[in-house]
Amino acid sequence: MSLSPRSVLAVGGVFLGCCSGVVFLELLVKLDPGAGNLVTATQFAFIALEGFIFTSKFGRAKRVIDLRSYVLLVAMFFLTSVCNNYVFQYNVPMTLHMIIRGGSLISNMCLGTLVLKRRYRISQYISVLMITVGIFICTYYSSQEVADHKDYREVDIFWWLVGVLLLVLALFISSYMGITQELLYRKHGSQCAREALYYTHLLPLPAFFLMHDNIRTHWSLAFEGDTYRLPLLGLAVPLFLLYLVGNVLAQHLCISSVYSLTTECSSLTVTLILTLRKFISLVFSIVYFRNPFTLYHWLGTVLVFVGTLMFANVIKAPMRAEPQAEAVKQD
């Protein structure tokens, strides 16, 4: 597989941006588990500002898609982001968070069958079954860790289940959002993807005013925590703010690189690279942050990622080759 120089840069941006973004997010969560809305609002504001300057050309560029078409897309994107952030308050560890979100092929296949009437290969059904089993194993043994904790109470496992259900809900909403985007791009052309990225971050900004109390509270907490003295300048800056800046910049690099990669490489290559990125993020989280991870968690993780590679046809299932006519577009 030969990659052009732009593709190589995009791959490097995906690994650097997405992996470092996960690291900064976990550092933020460890300092303040309830700061998810603050982090998300900051990300949205930064990407919207960048889009206003470079995509919208300070409002002078003409839109390809009308604003009404963005309403459902924006609502789903906002709801997914909020759900994914709230789960950290419900005893859901970062490792389980990444594993469940790595199971997006399950929701994509379900909605692709129901909404787009797609047919899938037998090997793809097998891979999705592997992913489902892997997620079940990780979820079950994570719940055992919560139940075995010395401070365990019934309310703890209840809120843990609420967090898992929020993750699953966000997973399906995100998949339906992907289908909505695909239909929009099919109608207006893929060149409007950058425009969609801009408006999906710009339009939800007013909704964060509904959470202003929560955001203001955690913004205040950011200045009450540990500080870091900047070299040369000698200025003491809250550690939370440094991690927040790192997360926002990494998130922007991640999203921009994924977009660039989709314009340079096939969907198969993109799927493989993103799968490897998720696996590296997971392993780094376990090793660096010393998260609890049993042999059963490793089994579930292997099933999830091997199943993902099988779905992308990177790993062939042990069966006879299927007729080319039955091949379908992969999500």
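On the surface of this predicted model, a nonpolar patch is formed by Leu72, Leu114, Val115 and Tyr176, which together offer about 360 Å² of accessible area. Of these residues, Tyr176 has its place in helix α7, and with a relative accessible area of 33% Tyr176 is partly exposed. The accessible surface of the protein chain as a whole comes to about 17500 Å², and carbon and sulfur atoms account for 66% of that area.

The protein chain contains twelve helices and two strands, and, read along the sequence, these elements follow the pattern α-α-α-α-α-α-α-α-α-β-β-α-α-α. Of the 331 residues in the protein chain, 49% are buried. Among the contacts with a separation of 6 or more, 81% are made between residues 24 or more positions apart.

In the interior, the largest nonpolar core has 38 residues, and those with the most contacts inside this core are Tyr70, Phe208, Phe240 and Leu244. At least two residues of the core are supplied by each of α1 (5-31), α2, α3 (70-86), α7 (154-188), α8 (193-202), α9 (212-222) and α10 (239-264), while the largest share, seven residues, comes from α3. When residues up to four places away in sequence are not counted, Tyr70 touches Ile65, Glu195, Ala196, Tyr199 and Leu203. Apart from this core lies another, of 29 residues, which includes Val22, Tyr90, Ile157 and Phe293.

Helix α2 (residues 36-54) has 19 residues, for which a rise of 1.5 Å a residue predicts a span of 27 Å, and this agrees with the 27 Å that separates its end C-alpha atoms. Buried residues of α2 include Asn37, Gln43, Phe44, Ile47 and Glu50. With 18% relative accessibility, His252 also counts as buried; this residue has its place in helix α10 and, leaving out residues up to four places away in sequence, touches Phe46, Ile47 and Glu50.

Side chains of opposite charge can pair when their charged atoms come close. A search of the whole structure finds three salt bridges. In one of them, the side chains of Arg194 and Glu50 meet at 3.7 Å, N to O; because Arg194 lies in helix α8 and Glu50 in helix α2, this pair ties together parts that are 144 residues apart in sequence. Glu50, at 15% relative accessibility, counts as buried. A salt bridge is also formed by Asp213 and Arg216, whose closest N and O atoms are 2.8 Å apart, and since these residues are three residues apart in helix α9, about one helical turn separates them. Asp213 counts as partly exposed at 44% relative accessibility, as does Arg216 at 48%. Arg68 and Asp66 likewise form a salt bridge, with their closest N and O atoms 3.9 Å apart; here Arg68 is exposed, with a relative accessible area of 74%, whereas Asp66 is partly exposed at 34% relative accessibility.

Contacts between distant parts of the sequence are also illustrated by Ile137, which is found in helix α6 (residues 122-148) and is buried, with a relative accessible area of 14%. Although Ile137 and His297 are 160 residues apart along the chain, their C-alpha atoms are separated by 6.9 Å. With neighbours within four places in sequence left aside, Ile137 is in contact with Tyr296, Leu299, Gly300 and Leu303.

Definitions and conventions: Residues numbered from 1 in each chain as written. Predicted model: local features only at pLDDT ≥ 70, side-chain atom pairs only at ≥ 80, totals over all residues. Heavy atoms only, no water. Helix = DSSP H or I, 4+ residues; strand = E, 2+ residues; numbered from the N terminus. Buried < 20%, exposed > 50% of the residue type's maximum accessible area, 1.4 Å probe, protein only. Contact = heavy atoms within 4.5 Å. Expected span 1.5 Å × (residues − 1). Core = buried A, V, L, I, M, F, W, Y, C linked by side-chain atoms within 4.5 Å. Areas by Shrake-Rupley, 256 points an atom, 1.4 Å probe, with all protein chains shown as cover. Patch = residues over 30% accessible without salt bridge, like charges linked within 9 Å, V, L, I, M, F, W, Y side chains within 5 Å. Salt bridge = Lys/Arg side-chain N within 4 Å of Asp/Glu carboxyl O.
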